[in-house]
Amino acid sequence: MKKQTLFALILLTLIGCQNSEQHTAQDVVYEYGIPVDSFNIVTGRIKQGQTLSALFTELGCTPTHINQLCLIPDSVLNIRNIRAGDNYSAFYTQTEEPQLMYVVYHKSLVEHYVFHIEDNLHLHTFTKPVRKETKIAKANIESSLWNAIADNNLNLQLALDLSEIYAWSVDFFALQKHDAFVVYYDELYVDSISVGIGKIHSAKFLHNGKTFYAFYYENDEVKGFWDEEGRSVRKTFLKAPLRFSRISSGFTYRRKHPVHKTVRPHTGVDYAAPHGTPVMSIGDGVVIQKGYKGGGGHTVKIKHNSIYSSAYLHLSKYGKNIKVGSRVEQGQVIGYVGSSGTSTGAHLDFRVWKNNKPINPLTMESPAAEPIPDQYLPEFRILCDSLRNKIDLTL
């Protein structure tokens, strides 16, 4: 055989071996910094009442490892806060007598604690990357916002986010059949699992024959959601003091009382909601009453300004630090739905006064917050036009 041919064969063999080694190295699968395909993996959930020490003993750790586990600083991992139902993975060698090499405690889909079971126990944290996927979602409403989102297999967090964005303009307790929405947003994923909603860029809500836009815009001075004219979607008062309920009784001067069976005025709105549902102040203000008020049960009354005040009746308990004279902010929890006082079941009796006269909360008009300053309007309009094109073409 000629020397050139022999050299070529040797060279090809070496290249082939090198490529084989590279291919093998590339085929190794890593998770949490561990070459997982080199181990047998046992997964499970922490049982009720089971401590991390008991779990590690069950998995095969030595008393030395358990002692070292108990010495981990709380600032790194408070092992007393491990919860029943949390997941773990144990990695064993693929040998005749399997040896425990790693235990991974999955605090969440994103955060993981990796224990190296060697002569000494070592711990490092592993954070899985979160990726975002920009989406457009739409739905027609047949009964409620929550059901519309669930029926269209959308992330339920959208219901909460949209209810917050439109809390000042859309009455979610009076949605009409064929109301609709479209939203342009980022959904967050770990691997292929959705872990929540990121930024909402824009939204459009059709309600009761009206169209409500919301565009997110921020700079060093302002941030928030604005309508197509650059006006803040925030207003002085929320449309309702709680989420996802139903109106069981409206504002009227002639209602047959469900307990007393007599016709009398009901100058408020009753929201039927589960016991313990958080109740929020519709606006900034000062608590002027807190206590048990006869048929109204546990009650909180708030003075918002020289014109408006509101009250929240039949509460089961009060919010944290709620007392007469304390200041509250719009959206702050001031109590929880109950049935205290004269009541046939859990609900909130919500009342509003204007210049000391009761008014219907459902028809109350609320002034908007400050608009985008004039110097930022050109930049906002460019963004608004771009975002509006996306959602207008969808719905």
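**Exercise 1.** Work out whether Val195 is buried, partly exposed or exposed, and find the surface patch to which Val195 belongs.

*Solution.* Val195 has a relative accessible area of 35%, and Val195 therefore counts as partly exposed, since buried means under 20%, exposed means over 50%, and partly exposed is what lies in between (1.4 Å probe, protein chains only). This is a predicted model, in which local features need pLDDT of at least 70 and side-chain atom pairs count only at pLDDT 80 or more, while totals for chains, interfaces and linings use all residues. Residues are numbered from 1 along each chain as its sequence is written, and side-chain values use heavy atoms, with hydrogens and water left out.

The next step is to place the residue: Val195 lies in strand β10, which covers residues 193-207. Helices (H or I, at least four residues) and strands (E, at least two) are DSSP runs, numbered from the N terminus.

Finally, Val195 joins Leu109, Val130 and Ile193 in a nonpolar patch on the surface, and together these residues have about 300 Å² of accessible area. Patches are made of residues with over 30% relative accessible area and no salt bridge, where like charges are joined within 9 Å and nonpolar side chains (Val, Leu, Ile, Met, Phe, Trp, Tyr) within 5 Å. A salt bridge is a side-chain nitrogen of Lys or Arg within 4 Å of a carboxyl oxygen of Asp or Glu, and accessible areas come from the Shrake-Rupley method with a 1.4 Å probe, with only the protein chains shown counting as cover for residues.

**Exercise 2.** Describe the open sheet that contains β10, and state which helices pack on this sheet.

*Solution.* Start with the order of the strands, which is β8-β9-β10-β11-β12, with antiparallel pairing in this open sheet of five strands. The edges are β8 (131-141) and β12 (223-226), each of which pairs on one side only; two strands pair if DSSP finds at least two bridges between them. On average, neighbouring strands of the sheet are turned by 25° against each other, direction ignored.

Then look at one pair in detail: β8 and strand β9 (residues 179-190) run antiparallel and are joined by 11 bridges, and Ala137 has Val183 in β9 as its bridge partner.

Now add the helices. Helix α5 (residues 157-165) packs on the sheet and touches β8, β9, β10, β11 (210-218) and β12, with its direction at about 45° to that of β10. Helix α6 (residues 377-392) also packs on the sheet and touches β8, β9, β10, β11 and β12, with its direction at about 130° to that of β11. Contact means heavy atoms within 4.5 Å, and axes are lines fitted to C-alpha atoms, for helices over the stretch in contact, with angles running from 0 to 180 degrees between N-to-C directions.

**Exercise 3.** Determine how many residues of strand β23 are buried, and list strands with which β23 pairs.

*Solution.* Of the eight residues of β23 (residues 347-354), seven are buried, and the strand is mostly covered. Its pairing can be followed strand by strand:

- Strand β16 (residues 269-272) runs antiparallel to β23 and is joined to it by four bridges; Tyr271 has Leu348 in β23 as its bridge partner.
- Strand β20 (residues 308-318) pairs with β23 in the antiparallel sense over six bridges, and Ser309 has Trp353 in β23 as its bridge partner.
- Strand β24 (residues 357-359) is joined to β23 by three bridges and runs antiparallel to it; Lys354 stands opposite Lys357 in β24.

The last pair forms a hairpin with two residues between β23 and β24, and Asn355 in the turn has a positive phi of about 55°.

**Exercise 4.** Locate Ile247 and identify residues that Ile247 touches.

*Solution.* Ile247 is found in strand β13 (residues 246-249), and its relative accessibility of 26% makes it partly exposed. If residues up to four places away in sequence are not counted, Ile247 touches Phe173, Val269, Asp270, Tyr271 and Leu362. Asp270 is 23 residues from Ile247 along the chain, and the C-alpha atoms of the two are separated by 5.8 Å.

**Exercise 5.** Find where Asn153 and Asp191 lie, and decide whether each is buried, partly exposed or exposed.

*Solution.* Asn153 lies in the loop between α4 (145-151) and α5, and Asn153 is exposed, with a relative accessible area of 72%. Asp191 lies in the loop between β9 and β10, and at 49% relative accessibility Asp191 counts as partly exposed. Phi is near 55° in Asn153, and phi is near 55° in Asp191.
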